[in-house]
Amino acid sequence: EHDGFLFVCLDDSRDNGVGDISNAEFAWLEQLLASHTQEPTLIFSHHPDLGGGADIARTTTARLQKLFAKNPQVIACFNGHGHIAKISYISAGGRSVPQIMVPATKEYPSGFGIVRVFEGGMVYNFHRTQCDDCLEWSAITRHEYFGMAPKTHLRALSDRDLVLLFPE
């Protein structure tokens with residue numbers, strides 16, 4: 001908790017590489033959200049658990065969508081895993097919850113995200129690293145994925161910057 005906001009980090013990485021949240025962690029999360037209904041909540045995990053995918057347990061995606069539908073204080077989810085800049089919106093109880101994938105710092109596009117949270121909303125911005133070693137590594141790794149990294153990893157400006165006003 002910080003300044004009226006709740007920040008939650010989930011452990012969804014398993015030895016088999018699949019994103020999955022244990023039953024015990026779900027129970028903890030349900031209890032935590034039930035006791036913090038008035039605090040805007042941001043969720044952080046490694047995998048894009050809300051978006052599903054081949055390496056995300058379907059049960060985790062379904063359970064999170066149901067849980068977030070009952071907890072409108074969850075305003076955004078952040079994850080890595082895909083190493084790309086991507087903002088998508090997941091339906092949860094008739095509202096859209098942004099799921100923000102932050103690119104890898106070590107490989108192209110070599111950056112990080114900054115989230116600024118304020119009383120009426122939040123702002124997310126992607127920033128590229130500028131140190132000499134970072135720029136060199138970015139230049140080397142931009143040729144990954146058959147040379148498609150610049151097209152697939154950096155994506156559109158709308159995938160790198162977001163202004164989100166909280167519901168009244």
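These exercises work through the aromatic rings and the strand sheet of a predicted model.

Residues are numbered from 1 along each chain as its sequence is written. Local features need pLDDT of at least 70, side-chain atom pairs count only at pLDDT 80 or more, and totals for chains, interfaces and linings use all residues, while side-chain values use heavy atoms, without hydrogens and water.

**Exercise 1.** Classify the ring pair of Phe5 and Phe166, and say where its members sit.

Step 1. Recall the rule. Rings of Phe, Tyr and Trp (its six-membered ring) pair if their centres lie within 6.5 Å; planes under 30 degrees apart are stacked, over 60 edge-to-face, the rest tilted.
Step 2. Apply it. The centres of Phe5 and Phe166 are 6.0 Å apart and the planes make 55°, so the pair is tilted.
Step 3. Locate the rings. Phe5 lies in the segment before β1 (6-9), and Phe166 in the segment after β8 (161-165). They are 161 residues apart. Strands are DSSP runs of E, at least two residues, and helices are runs of H or I, at least four, both numbered from the N terminus.
Step 4. Check burial. Buried means under 20% relative accessible area, exposed over 50%, partly exposed in between (1.4 Å probe, protein chains only). Phe5, at 10%, is buried. Phe166, at 11%, is buried too.

**Exercise 2.** Do the same for Phe44 and Phe78.

Step 1. Their centres are 4.9 Å apart, with 15° between the planes: stacked.
Step 2. Phe44 is in strand β2 (residues 41-44) and Phe78 in strand β3 (residues 74-79), 34 residues apart.
Step 3. Phe44 is partly exposed at 26%, whereas Phe78 is buried at 3%.
Step 4. Look wider. Ring pairs join Phe44, Phe78 and Tyr124 into a cluster.

**Exercise 3.** Describe the sheet that holds β2 and β3.

Step 1. Recall how strands join. Strands of a sheet pair through backbone hydrogen bonds, either parallel or antiparallel. Here a pair needs at least two DSSP bridges.
Step 2. Read the order. Five strands form an open sheet, β1-β2-β3-β5-β4, with mixed pairing.
Step 3. Find the edges. β1 and β4 (86-92) each have a single partner strand, so one side of each lacks a neighbour in the sheet.
Step 4. Zoom in. β2 and β3 pair in the parallel sense over four bridges. The bridge partner of Phe44 in β3 is Phe78.
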